[in-house]
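Dear colleague,

I am handing over the structure we spoke about, with my notes on it set out underneath. Please read them alongside the coordinates and tell me where you would look further.

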Amino acid sequence: MLTEARSQLRRVTPEEADAAYRSGAVIIDIRPAAQRAAEGELPIATVIERNVLEWRLDPASDAALPFAHHDLEVVVLCQEGYTSSLAAAALQELGIRRATDVIGGYAAWRAWEGTVPRATDDDDR
């Protein structure tokens, strides 16, 4: 099932997902509240837990979020990149063809962030 789901996706690295976000993509964190509390949150992500994902992003749903549409670029994030692949494939089945997920999930994103140089107070002087 996972192999089939992933065959439909062009999965992205955390760096590529961050670039997609900066170009207008929506990052969706599908992890449950307890996992986000234990592992941390990604400030740029919109939280939509996995059990309600389809009906919140399906443009035909009465419960769809205002930004839901078929051309929406969606990057799904789970803890390690397994559930997110299945979720992104499900979104594609709903007609959201630009749905994908992050290779390695939130854990990979946090590891990548640790390698990205950040500006310091000294940089502003």
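Strand β1 (residues 26-29) and strand β3 (residues 74-77) pair in the parallel sense over 4 bridges, where pairing requires that DSSP finds at least two bridges between two strands, and where strands (E, at least two residues) and helices (H or I, at least four) are DSSP runs numbered from the N terminus. This is a predicted model, in which local features need pLDDT of at least 70 and side-chain atom pairs count only at pLDDT 80 or more, while totals for chains, interfaces and linings use all residues. Residues are numbered from 1 along each chain as its sequence is written, and side-chain values use heavy atoms, with hydrogens and water left out.

Within the β1 pairing, V26 stands opposite V74 of β3; β3 also pairs in the parallel sense with strand β4 (residues 99-101), over 3 bridges, and there the bridge partner of V74 is A99. From β3 the chain crosses through helix α5 (residues 83-93) to β4, and this β-α-β crossover is right-handed, that is, with the strands pointing away from the viewer, the path from the first strand over the helix to the second runs clockwise.

Both faces of β3 are covered, since V74 and V76 on one side and V75 and L77 on the other are all buried (under 20% relative accessible area, with exposed meaning over 50% and partly exposed in between, for a 1.4 Å probe and protein chains only). Leaving aside neighbours within four places in sequence, V76 is in contact (heavy atoms within 4.5 Å) with residues including I28, I30, A88, L91 and T100.

The largest nonpolar core (a set of buried Ala, Val, Leu, Ile, Met, Phe, Trp, Tyr and Cys residues joined through side-chain atoms within 4.5 Å) has 18 residues, and V74, V76 and L91 are among those with the most contacts inside it. β1, α4, β3 and α5 each supply at least two residues of this core, and α5 gives the most, with 3 residues. A second, separate core of 13 residues includes L42, A45, V102 and Y106.

As for α5 itself, 8 of its 11 residues are buried, so the helix is largely enclosed by the rest of the structure; what covers these buried residues includes α1 (2-7), α4, β3 and β4. Just after α5, G95 takes a positive phi of about 105 degrees.

By contrast, N51, in the loop between β2 (46-47) and α4 (53-57), is exposed, with a relative accessible area of 64%.

With best regards
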